[in-house]
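Student: I should like to work through this model systematically. May we begin with a charged residue and then turn to the strands?

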Amino acid sequence: MFESVAYAMGTPQAGAAPASGTDMLMQFLPLIVMFVIFWFLLIRPQQKRAKAHKAMLSELKRGDHVITSAGLIGRILEIDDEQVLLESGESKLRVTRGAIGGLVPGKGDSK
């Protein structure tokens, strides 16, 4: 029974050398290149945007004109660690700090 399995697996070629370290590197080279491309085109820019957004959220202050991730534009009336009270037209909205998408360009950022 085991002899048939051994024959099915085959025997090494006569005179064939085992794979060297450079052959293995050449096999993995396309994967390494793809990872480097993904790093510079996708991962790194996303990390930079996330870091800039986190810095912007930490620098928010009363009177800043902001836009939420849902598209609402308002002026900050009150701000604490987790929530922000926005004035948008005649209404006042309480949103989480993470829902702030960015500062409104062209508006005075403070009173």
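**A buried arginine and the sheet beside it**

Tutor: In this predicted model, R97 is buried yet takes part in no salt bridge. Its nearest side chain of opposite charge, D81, is 4.6 Å away.

Student: Why does the pair R97 and D81 not count as a salt bridge?

Tutor: A salt bridge requires a side-chain nitrogen of Lys or Arg within 4 Å of a carboxyl oxygen of Asp or Glu. D81 is the nearest side chain of opposite charge to R97. The pair therefore fails the cut-off of 4 Å, because the separation is 4.6 Å.

Student: Which backbone oxygen does the side chain of R97 reach?

Tutor: R97 lies in the loop between β4 (91–96) and β5 (100–103). Its contacts, not counting residues up to four places away in sequence, include L57, I79, D81 and V84. D80 is also among the residues that R97 touches. At 3.0 Å, the backbone oxygen reached by the R97 side chain is that of D80.

Student: In what order do the strands form the sheet?

Tutor: The sheet is open, has 5 strands and pairs in the antiparallel sense. β4 and β5 each have a single partner strand and stand at the edges, so one side of each is left without a neighbour in the sheet. From one strand to the next, the twist averages 45°. The order is β4-β3-β2-β1-β5.

Student: Over how many bridges do β3 and β4 pair?

Tutor: The two strands form a hairpin with 2 residues between them, and G89 in the turn has a positive phi of about 70°. One bridge places V84 with V95 in β4. The antiparallel pairing of β3 and β4 extends over 6 bridges.

Student: Which residue in β3 stands opposite I79?

Tutor: Strand β2 (residues 73–79) pairs with strand β3 (residues 83–88) in the antiparallel sense over 4 bridges. These two strands form a hairpin with 3 residues between them. The residue opposite I79 is V84.

Student: What is the bridge partner of V66 in β2?

Tutor: β1 and β2 run antiparallel and are joined by 3 bridges. They form a hairpin with 4 residues between them, where G71 in the turn has a positive phi of about 100°. The β2 partner of V66 is G74.

Student: Which side chains along β1 point to one face and are buried?

Tutor: Strand β1 (residues 65–68) also pairs with β5, in the antiparallel sense over 3 bridges, and I67 stands opposite G102 there. The β1 side chains alternate: H65 and I67 point to one face and are not buried. Those that point to the other face and are buried belong to V66 and T68.

Student: Is D64 buried or exposed?

Tutor: D64 is found in the loop between α2 (21–58) and β1. A polar atom of its side chain lies 3.0 Å from the backbone nitrogen of K61. Because its relative accessibility is 2%, D64 counts as buried.

Technical notes: Residues numbered from 1 in each chain as written. Predicted model: local features only at pLDDT ≥ 70, side-chain atom pairs only at ≥ 80, totals over all residues. Heavy atoms only, no water. Buried < 20%, exposed > 50% of the residue type's maximum accessible area, 1.4 Å probe, protein only. Lys, Arg positive; Asp, Glu negative; His and termini not counted. Polar contact = N/O pair within 3.5 Å; in protein donor to acceptor, adjacent residues only side chain to side chain. Contact = heavy atoms within 4.5 Å. Pairing = 2+ DSSP bridges. Axes fitted to C-alpha atoms, helices over the stretch in contact; angles between N-to-C directions.
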